[in-house]
Amino acid sequence: MAEVKNKQVVLKDYATGFPKESDMDIVEGTISLNLPEGSNEVLLKNLYLSCDPYMQMLMSKIEGLEGFGTYSPGSPLTGYGVAKVLESGHPDYKKGDLVWGFTKWEEHSLVPSSQILFKIEHTDVPLSYYIGILGIPGMTAYAGFFEVGLPKKGDRVFVSAASGAVDLLKNKLGFDDAFNYKEEPDLNAALKRYFPEGIDIYFENVGGKTLDAVLLNMRVHGRIVVCGMVSQYNLAQPDGVTNLANLIFKRIRIQGFGVADYYQLYPKFLEYVVPKIKEGKIVYVEDIVEGLEKAPPALIGLFSGRNVGKQVIVLARE
């Protein structure tokens, strides 16, 4: 039975407050390259792993997240990745297929076939894109904006996010304008400056004080698409939101969503976005680190804004 070394990133213990590098360990395990008899699982060689802000929640003990696959101490972290199929007990996948989906932070993984989301058909774009613009982040933006936000021509759109430098957003990524919320003592005043006529669609990733200020600046029949609330996850006492009465005054629709409800739109999404990437109409920036030992600092770096662009860990290129 062929066994190979299998380096892993495991959770040492649940994080308290913000996760630290010391909450994780790099360990050297082994894995069998033969599928167990009668198994319908899939053996993967992991190529690219994704660092995502939601992972900080899974490293902590947060009530209500039990169904989200929180990590357990002593086990590898899990997350989205691009991988190559080495052996498959499932008829949908065969040796050599490139896939993306939910895998573990290790060199090789044995996963249930249900964790593979899609087979990769378009290989004329970089494979790493399937954990970013062509994966969950891109699909989340697409579903949230088009399906939940329902944009109309002329709508004024505000996105709150940990987006990096203002000049990157304006000059490279093509936003009409951008500001650094950390440099604005009065968010309400800042929004009035950038949106003198108000906001039609607010794509919410931050929550807390940002949401409170936005509520004062929404237009009638505005839509608030709630994708994340990153300012709230590590607070012992979450911030209160005081301007909710504006939901009535402005007849605003506020809706939370999860990308998994929209996976059936993935082929339509690819049809929309792949040509735009090739034509250079969608600009995408990656921050790539090489090797599993770089994974813990890369993940922790997300929370201090160290990365510029989508944080990717390369384990192997094929």
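Strands, as I use the word here, are DSSP runs of E with at least two residues, numbered from the N terminus. The model I am reading is a predicted one.

**Entry: strand β8 and the surface patch.** I looked up Val159 and found it in strand β8, which covers residues 157-159. Because its relative accessible area is 37%, and the partly exposed class lies between 20% and 50%, I noted Val159 as partly exposed. Val159 also belongs to a nonpolar surface patch of about 220 Å², which it makes together with Val157 and Phe175.

**Entry: from β8 to β9 to β10.** I then followed the pairing outward from β8, which runs parallel to β9 over three bridges, with Phe158 standing opposite Tyr202 of β9. On to the next partner: β9 pairs with strand β10, residues 218-226, again in the parallel sense and over five bridges. Here Tyr202 stands opposite Ile224 in β10, and I therefore have Tyr202 facing a residue in each of two strands, Phe158 being the other one. Is β9 enclosed or open to the outside? Six of the six residues of β9, residues 199-204, are buried, so I wrote this strand down as largely enclosed by the rest of the structure.

**Entry: the annotated domain.** I checked the record as well, and UniProt, in an unreviewed entry, places the feature "domain: Alcohol dehydrogenase-like C-terminal" at residues 162-270. Over that range I read 28% helix and 17% strand, with the C-alpha atoms at its two ends 25 Å apart.

**Entry: cysteines.** How many disulfides does the model hold? With the cut-off for a pair of cysteine sulfur atoms set at 2.5 Å, the count comes to zero. Cys51 takes part in none, since the nearest cysteine sulfur, which belongs to Cys227, lies 17 Å away. Looking from the other end, I found Cys227 likewise in no disulfide, with the sulfur of Cys51 as its nearest at 17 Å. As for their surroundings, Cys51 has 2% relative accessibility and so counts as buried, whereas Cys227, at 29%, counts as partly exposed.

**Entry: Pro53.** Where does Pro53 sit? I placed it in the loop between β3, residues 42-50, and α1, residues 55-58. Its relative accessibility is 41%, so I list Pro53 as partly exposed. I also took one distance from here: the C-alpha atoms of Pro53 and Leu216 are separated by 27 Å, the two residues being 163 residues apart along the chain.

Definitions and conventions:
Residues are numbered from 1 along each chain as its sequence is written. This is a predicted model: local features need pLDDT of at least 70, side-chain atom pairs count only at pLDDT 80 or more; totals for chains, interfaces and linings use all residues. Side-chain values use heavy atoms; hydrogens and water are left out. Buried means under 20% relative accessible area, exposed over 50%, partly exposed in between (1.4 Å probe, protein chains only). Patches are made of residues with over 30% relative accessible area and no salt bridge: like charges are joined within 9 Å, nonpolar side chains (Val, Leu, Ile, Met, Phe, Trp, Tyr) within 5 Å. Accessible areas come from the Shrake-Rupley method with a 1.4 Å probe; for residues, only the protein chains shown count as cover. A salt bridge is a side-chain nitrogen of Lys or Arg within 4 Å of a carboxyl oxygen of Asp or Glu. Helices (H or I, at least four residues) and strands (E, at least two) are DSSP runs, numbered from the N terminus. UniProt positions are given in the numbering used here, feature names are shortened, and annotations may be inferred rather than shown by experiment. Two strands pair if DSSP finds at least two bridges between them.
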